[in-house]
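User: Could you take a close look at one charged residue in this model and at the charge pairs found elsewhere in the chain? I would like one connected account.

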Amino acid sequence: GSAKRMEVIRKFAEYGVLKNTDLLVSLGDVASAFDNFNATYFDTFLNIFHQAGVKAPFYPVRGNHEYRGADTDRYAEWFGRPYYAFRYGDVLYIVLDTGEERPFRMKSTFTWRTDTESYFAEQKAWLEDLVKSDLFRTAGVRIVLAHATPFIFGGRWFAHNINRVAGCFMGEDPAYKIDLWICGHVHSPFRYDPVTGDTFGPPGNDPKRKPWGLPVYDKRRVSF
């Protein structure tokens with residue numbers, strides 16, 4: 001909830017985690033739903049960083065929960081197009097919108113805002129132009145920032161979304177190579193090696209995560 005979110009950010013500041021921060025990135029799902037976008041995203045999230053003295057620029061990533069609620073249109077009003085790219089030094093960050101975790105259904109209030117076929121086609125065309133640009137070609141490091149994992153994790157719809165937008169990064173021999181994919185959604189820290197297929201990270205208290213390849217909880221096995 002909002003109180004816990006504010007407490008965590010303040011603790012980060014108190015412990016010095018945010019000291020000398022160069023940039024802030026949200027990987028999406030700031031809240032479960034957005035019926036009052038300003039109150040949720042600013043009053044209980046971004047403004048807390050400001051109050052803690054953080055002056056770093058902020059780069060948002062839209063998660064599937066930013067699609068939910070009566071006030072979700074304000075996301076684009078505040079932040080513009082949800083997919084974009086920026087350079088920080090020699091690093092190129094590619095921000096992708098991976099959409100909802102479930103397909104669009106006309107009679108479903110859960111996904112009534114997720115008829116994204118044309119939107120994803122536009123995002124794909126943008127990415128195809130980006131990977132051919134000097135911005136991409138001259139970058140020393142290329143990092144994708146996205147809410148969803150680039151592999152199947154607890155559901156196939158995200159994988160479908162990613163493949164139709166960013167298929168050029170997928171597979172054993174991708175057309176264009178990136179160095180790292182940083183994502184959210186899973187609610188547990190982990191690292192996935194696409195070469196070996198190994199996944200490292202704590203499954204927490206959710207026994208359903210064990211079949212997905214996360215090892216039994218052991219902090220000594222978590223490395224990033």
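Analyst: What follows starts from E66 and then turns to the salt bridges.

The model is a predicted one, and every value given here is computed from it. E66 sits in the loop that runs between β2 (58-60) and α3 (74-79). Although E66 is buried, it takes part in no salt bridge, and the nearest side chain of opposite charge, that of R62, is 7.0 Å away. Because a salt bridge requires a side-chain nitrogen of Lys or Arg within 4 Å of a carboxyl oxygen of Asp or Glu, the 7.0 Å to R62 does not qualify. What the side chain of E66 does reach is the backbone nitrogen of D29, at 2.8 Å. Apart from neighbours within four places in sequence, the residues in contact with E66 are G28, D29, V30, F34, Y41, T72 and Y75.

Side chains of opposite charge can pair when their charged atoms come close. Across the whole structure, a search finds 7 salt bridges. R62, the residue named above as the nearest opposite charge to E66, has its side chain in a salt bridge with that of D97, at 2.7 Å from N to O. This pair links distant parts of the chain, with D97 in the loop between β4 (91-95) and α4 (117-130) and R62 in the loop between β2 and α3, 35 residues apart. Both D97 and R62 are buried.

A salt bridge also joins the side chains of E100 and R68, again with a distance of 2.7 Å from N to O. Since E100 belongs to the loop between β4 and α4 and R68 to the loop between β2 and α3, this pair ties together parts that are 32 residues apart in sequence. E100 has a relative accessible area of 2%, so it counts as buried, and R68, with 13%, is likewise buried.

The pairing of R137 with D134 has another setting: their side chains meet in a salt bridge at 2.8 Å, N to O, and both residues lie in helix α5 (residues 134-137), 3 residues apart, or about one turn of the helix. R137 is exposed, with a relative accessible area of 54%, while D134, at 49% relative accessibility, counts as partly exposed. Elsewhere, D71, R74 and E77 are joined into one network by salt bridges that share partners.

To return to the starting point, E66 is buried without a salt bridge, and its side chain reaches the backbone nitrogen of D29.

Note on methods: Residues numbered from 1 in each chain as written. Predicted model: local features only at pLDDT ≥ 70, side-chain atom pairs only at ≥ 80, totals over all residues. Heavy atoms only, no water. Helix = DSSP H or I, 4+ residues; strand = E, 2+ residues; numbered from the N terminus. Buried < 20%, exposed > 50% of the residue type's maximum accessible area, 1.4 Å probe, protein only. Lys, Arg positive; Asp, Glu negative; His and termini not counted. Polar contact = N/O pair within 3.5 Å; in protein donor to acceptor, adjacent residues only side chain to side chain. Contact = heavy atoms within 4.5 Å.
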